[in-house]
Amino acid sequence: MQTPGRVFWITGLSAAGKTSIGSALASHLRASGCPVVFLDGDTLRAVSNDLGYSAENRRSAAMRNGMLCRMLAQQGFDIVCSTISLFHDVQRWNRQNIPRYHEIFVRVPLEELRRRDTKGVYTAPSDGQAANIVGVDIPAETPEAPDLILDNDSSLKPEEAVRLILERAAGLESQHSSANHSVVRFGTKAETLERLAPLLRSAAILPQVRFTVADWHGDQQGVLKRISAAPWAPETLIVRSSAKSEDSSSESQAGKFTSVAGVEGVAAISPAIERVIASYEGNDCQQDQVFVQPMLNDVAIAGVAVTREPSGGGPYFVLNYDDNSGRADVVTSGAAGQLKTFICLKSRQDRIPGHLVPILGLLRELESLLDCDAIDVEFAVDKHGALYLLQVRPLANRQPLTDAEATSAAATEIAQKVALLTKPHPYLHGNRSVYGVMPDWNPAEIVGLKPRPLALSLYRELITDSIWAYQRDNYGYKNLRSFPLLVSLHGLPYIDVRVSFNSFIPRDMKPDLAERLVNYYIERLVAQPTLHDKVEFEIIFSCYTLDLPERLLALSKHGFSRDDISDITGLLRNLTNKIINNEDGLWVHDREKVDQLVDRLPQIRDASIDKISRVYWLLEDCKRYGTLPFAGLARAGFIANQFLNSLVATGVLDRAGHAAFMSDLETVGSQIGRDFAGLTKDEFLGRYGHLRPGTYDILSPRYDEAPDLYFDWSNRRKHHSSAPHFLLSVSQLRLIERLLKEHGIEHDILSLIHFIKGGIEGREYAKFVFTRSLSDALSLVKQIGEENGLSTEDCSFLDINDVRALYSESGSVPARLKASVAEGKRRYNLTRRIVLPPLISSPDDAFAFHLPSIHPNFITKQCVTAPVSTIDDSPEELKDTILFVPSADPGFDWIFSRGIAGFVTQFGGVNSHMAIRANELAMPAVIGAGETLFGHWKRADKICLDCGNQQVQVVS
């Protein structure tokens with residue numbers, strides 16, 4: 001049976017303010033995650049349009065309103081009903097027949113109502129007929145025992161009225177719950193389930209036999225007799241842990257203790273119980289519990305749900321579930337399977353898929369029964385549709401949620417912004433847009449999903465506001481210099497994919513063809529969202545490669561003619577020939593420009609100018625001589641990788657040859673390993689000390705700020721790569737020469753190899769150089785903050801534009817900085833609560849979504865089985881482990897000095913820095929596992945990383 005919702009019956013005379021108060025209350029309840037129906041007296045007349053306005057007709061209409069409220073509340077909705085309905089018999093019926101009825105009387109003197117009256121409600125008809133106005137010629141039967149009286153003079157604001165209503169309602173519900181013993185206290189895992197079992201209506205709880213360790217040690221036969229006496233004892237059983245320290249409000253210790261499933265027969269019960277008790281590992285565990293239940297069979301859906309978003313604490317339902325394996329423990333065991341994750345803003349439960357509605361109903365009922373809005377629930381649904389509660393615990397270390405309404409409002413504003421930005425634009429091709437965290441300059445990898453204001457503003461300033469577009473234009477693509485690539489959705493960075501796709505259109509392409517091509521790209525991404533981190537490899541055609549003609553055949557299935565494909569082929573060939581030219585190609589000049597930044601950096605760093613001026617000019621030089629050429633070299637590096645991959649696709653190289661080429665590259669990443677072994681500590685830090693694991697993050701220490709944290713200086717053995725050197729046979733040379741001529745590539749073999757090598761190496765070098773200017777600027781910002789009373793933490797909330805403005809404006813430096821920090825903190829407090837999908841294709845995605853499945857990038861063909869470690873572990877503990885790293889940023893190069901066996905990144909593409917490093921070192925790696933897989937694999941103790949079979953297996 002569904003737990004009924006509350007009914008807030010807001011009554012009073014016309015113009016008393018019932019609608020304003022009711023609307024505010026309904027909005028607040030929605031933002032808090034309650035399913036709400038708002039009924040206003042004016043709109044309710046549609047239910048009673050067969051009735052007039054006489055006293056009896058009004059009484060009948062009011063009774064209908066009460067019945068409607070009861071019916072809707074029985075479905076689990078909270079009802080806010082703003083209605084006059086001033087009849088004692090209606091009020092009495094409501095109180096007797098609506099279980100969670102709250103009556104609020106909005107009291108305003110008639111003289112004040114007449115003064116407010118703008119509709120002429122209280123003006124008597126000129127013909128002397130009855131006005132049929134309650135309080136005028138129809139007596140108003142003031143509520144006999146309202147739960148709350150609101151005197152609504154001009155000083156009462158709707159939000160204050162809402163506060164008073166909810167406080168009073170909470171008090172009444174608490175009294176009622178105490179009287180009926182319906183508020184359940186958390187206990188141990190088994191105790192909580194036992195207390196909930198007689199009260200829960202939306203799901204079933206399996207029966208149990210519970211006992212303590214002391215019970216078992218004192219009378220094993222007695223415990224076994226109790227188990228055997230249970231009517232379900234002959235079934236397959238599960239023996240579960242229920243320790244005192246498990247599932248508490250401060251720590252869950254989830255997965256720490258053993259549970260034994262699939263126990264069959266009396267002889268198997270004792271060993272299973274002993275295994276559970278052995279996992280408690282303590283001499284003081286006598287009061288810890290064990291409980292036995294029947295195993296749940298024929299599982300259709302099983303998973304874990306929480307009623308707050310775990311990382312930010314926002315007001316979301318998060319369901320992580322498996323509907324494929326038939327097991328009840330896939331999610332909790334850490335096995336990947338085909339897991340699905342659904343996230344829904346609590347205030348927008350209208351977006352819940354039908355098969356998940358009962359599960360969210362269970363979450364709402366549990367929140368009510370436990371009087372807790374932050375719980376962690378394990379559930380299962382059998383093949384007959386029956387829902388079972390397997391476990392419920394409070395979310396550990398939960399914080400009070402004070403901004404649910406602000407989060408809901410922000411989601412609405414995001415949806416509105418997406419709707420506006422996705423409309424057709426006169427200067428863009430494509431009928432619509434989508435927004436992603438990984439396509440094109442993927443912000444998820446570089447600054448993270450929820451960067452602090454300083455990191456985000458720096459990334460926009462140095463890359464995505466305009467620099468990116470200048471180089472696309474320079475390299476022969478469509479001019480988009482006025483379009484920012486990144487949009488900030490309440491602080492969450494997203495790439496405008498339509499803008500990105502337009503920027504890969506060759507400049508001379510006919511508008512009609514460009515329009516159709518961009519629409520094709522967008523629709524393909526929407527149809528295959530798992531490709532959102534691989535768009536330039538799997539969806540768009542941005543350069544010419546030896547396998548391009550074959551790949552372009554896909555367009556013929558989508559309405560593109562032979563002439564269209566021929567035009568695309570010719571434009572991309574011309575563009576690519578110009579870019580890869582080794583004499584006057586832009587990539588050559590960009591490589592030279594980076595060297596100018598090397599020369600200019602000391603002039604600014606050592607200049608006798610103030611720190612704010614130095615920050616300003618470090619960033620200006622960084623843009624002009626660093627990120628601008630880097631953007632060009634990144635394009636050249638991508639084309640180089642594509643060309644190298646096409647040599648594999650056309651059979652010129654095999655995978656071993658590709659690996660040999662990558663291992664022969666002279667990148668900064670390969671050099672850092674040799675230098676770590678060969679240079680002194682001071683020499684090494686002088687060259688690489690500016691690197692940070694978070695390039696744009698002021699909170700991420702530089703190598704030279706925490707050298708012993710990153711590196712083991714006592715173990716600096718030279719790394720000897722086992723990969724063979726790259727050599728081309730005579731037959732391969734001849735084949736490449738023939739292919740270049742056939743495809744119209746205006747370069748010889750040596751020139752092509754020089755470009756591929758130079759493009760990949762140049763990209764890595766340019767990033768290494770420009771990050772020195774950026775890192776020095778961050779260090780100066782930190783010093784400026786300290787001089788003005790700001791901590792490093794405070795500085796992370798600055799907007800870099802406020803710092804830069806101090807260079808060209810007069811005024812109080814401390815005041816400007818502190819105002820920027822205050823605003824940044826205010827905004828970031830909301831940012832961290834908001835949850836959005838990695839790909840937004842509809843405004844409704846701001847409210848509810850399934851996380852798309854991800855196909856990670858497996859690097860090398862190696863296979864390794866090793867314990868799991870994370871970046872938060874002590875560096876000394878990383879040796880011979882598989883390390884989990886948040887992103888593929890070059891600042892994480894230090895991990896290779898720690899003897900790791902392999903690594904997994906949450907974000908990053910196949911062309912990222914860490915992918916190149918893994919190839920160079922012949923080290924197994926998974927790049928860009930995505931949120932779901934990354935989280936589940938990281939929770940395991942040991943995994944097998946089988947890159948050859950593109951598979952990750954949880955070992956333990």
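The structure holds 49 salt bridges. It is a predicted model. The exercises below start with these bridges and then turn to rings, a helix and a hairpin.

**Exercise 1. A bridge across the chain**

Task: Find how close Asp-373 and Arg-308 come, and say where each one sits.

Solution.
- Step 1. Check the distance. A salt bridge needs a side-chain nitrogen of Lys or Arg within 4 Å of a carboxyl oxygen of Asp or Glu. For Asp-373 and Arg-308, the closest N and O atoms are 3.1 Å apart, and the two form a salt bridge.
- Step 2. Locate the residues. Asp-373 is in the loop between α12 (357-370) and β13 (375-382). Arg-308 is in the loop between β10 (299-306) and β11 (316-322). With their positions 65 residues apart in sequence, the pair links distant parts of the chain.
- Step 3. Judge the exposure. Buried means under 20% relative accessible area, exposed over 50%, and partly exposed in between. Asp-373 has 34% relative accessibility, so it counts as partly exposed. Arg-308 has a relative accessible area of 4%, so it is buried.

**Exercise 2. A bridge within one helix**

Task: Explain why Arg-826 and Glu-823 are separated by about one helical turn, and classify both residues by exposure.

Solution.
- Step 1. Take the distance. Arg-826 forms a salt bridge with Glu-823, and their closest N and O atoms are 2.8 Å apart.
- Step 2. Use the helix. Both residues belong to α32 (residues 813-831). They are three residues apart there, so about one helical turn separates them.
- Step 3. Apply the exposure limits. Arg-826 is exposed because its relative accessibility is 52%. Glu-823, at 33%, counts as partly exposed.
- Step 4. Look at a bigger group elsewhere. Salt bridges also link Glu-461, Glu-620, Lys-623 and Arg-804 in a network.

**Exercise 3. A hairpin and its bridge**

Task: Describe how β13 and β14 pair, and place Arg-393 and Glu-378 in them.

Solution.
- Step 1. Find the direction. β13 and β14 run antiparallel, joined by seven bridges. One bridge partner to note is Val-392 in β14, which pairs with Val-377.
- Step 2. Look at the turn. The two strands form a hairpin with four residues between them. Gly-385 in that turn has a positive phi of about 90°.
- Step 3. Add the salt bridge. Arg-393 forms one with Glu-378, with closest N and O atoms 3.9 Å apart. Arg-393 lies in β14 (residues 387-394) and Glu-378 in β13, 15 residues apart.
- Step 4. Check the cover. Both Arg-393 and Glu-378 are buried. In β14, eight of eight residues are buried.

**Exercise 4. Classifying ring pairs**

Task: Decide whether the ring pairs Tyr-459/Tyr-696 and Tyr-521/Phe-541 are stacked, edge-to-face or tilted.

Solution.
- Step 1. Recall the rule. Ring centres must lie within 6.5 Å. Planes under 30 degrees apart count as stacked, over 60 as edge-to-face and the rest as tilted. By this rule, the count comes to 28 aromatic pairs.
- Step 2. Take Tyr-459 and Tyr-696. Their ring centres are 5.1 Å apart and their planes are at 80°, so the pair is edge-to-face. Tyr-459 is in α15 (residues 453-464). Tyr-696 is in the loop between α26 (681-688) and α27 (707-710), 237 residues away in sequence. Both are buried.
- Step 3. Take Tyr-521 and Phe-541. Here the centres are 6.3 Å apart and the planes are at 55°, so the pair is tilted. Tyr-521 lies in α18 (residues 511-527), and Phe-541 in the loop between α19 (535-538) and α20 (548-552). The pair therefore ties together parts that are 20 residues apart in sequence. Both residues are buried.
- Step 4. Look for a cluster. Ring pairs link a set of residues that includes Phe-676, Tyr-703, Trp-713 and Phe-768.

**Exercise 5. A covered helix**

Task: State how many residues of α16 are buried, and what covers them.

Solution.
- Step 1. Count. In α16 (residues 467-474), six of the eight residues are buried, and the helix is mostly covered.
- Step 2. Name them. They are Ile-467, Trp-468, Ala-469, Gln-471, Arg-472 and Asp-473.
- Step 3. Find the cover. It includes α15, α17 (497-502), α22 and α23 (611-649).
- Step 4. Follow the chain onward. After α16 comes Gly-476, whose phi is positive, near 105°.

Notes
Residues are numbered from 1 along each chain as its sequence is written. This is a predicted model: local features need pLDDT of at least 70, side-chain atom pairs count only at pLDDT 80 or more; totals for chains, interfaces and linings use all residues. Side-chain values use heavy atoms; hydrogens and water are left out. Rings of Phe, Tyr and Trp (its six-membered ring) pair if their centres lie within 6.5 Å; planes under 30 degrees apart count as stacked, over 60 as edge-to-face and the rest as tilted. Buried means under 20% relative accessible area, exposed over 50%, partly exposed in between (1.4 Å probe, protein chains only). Contact means heavy atoms within 4.5 Å. Two strands pair if DSSP finds at least two bridges between them.
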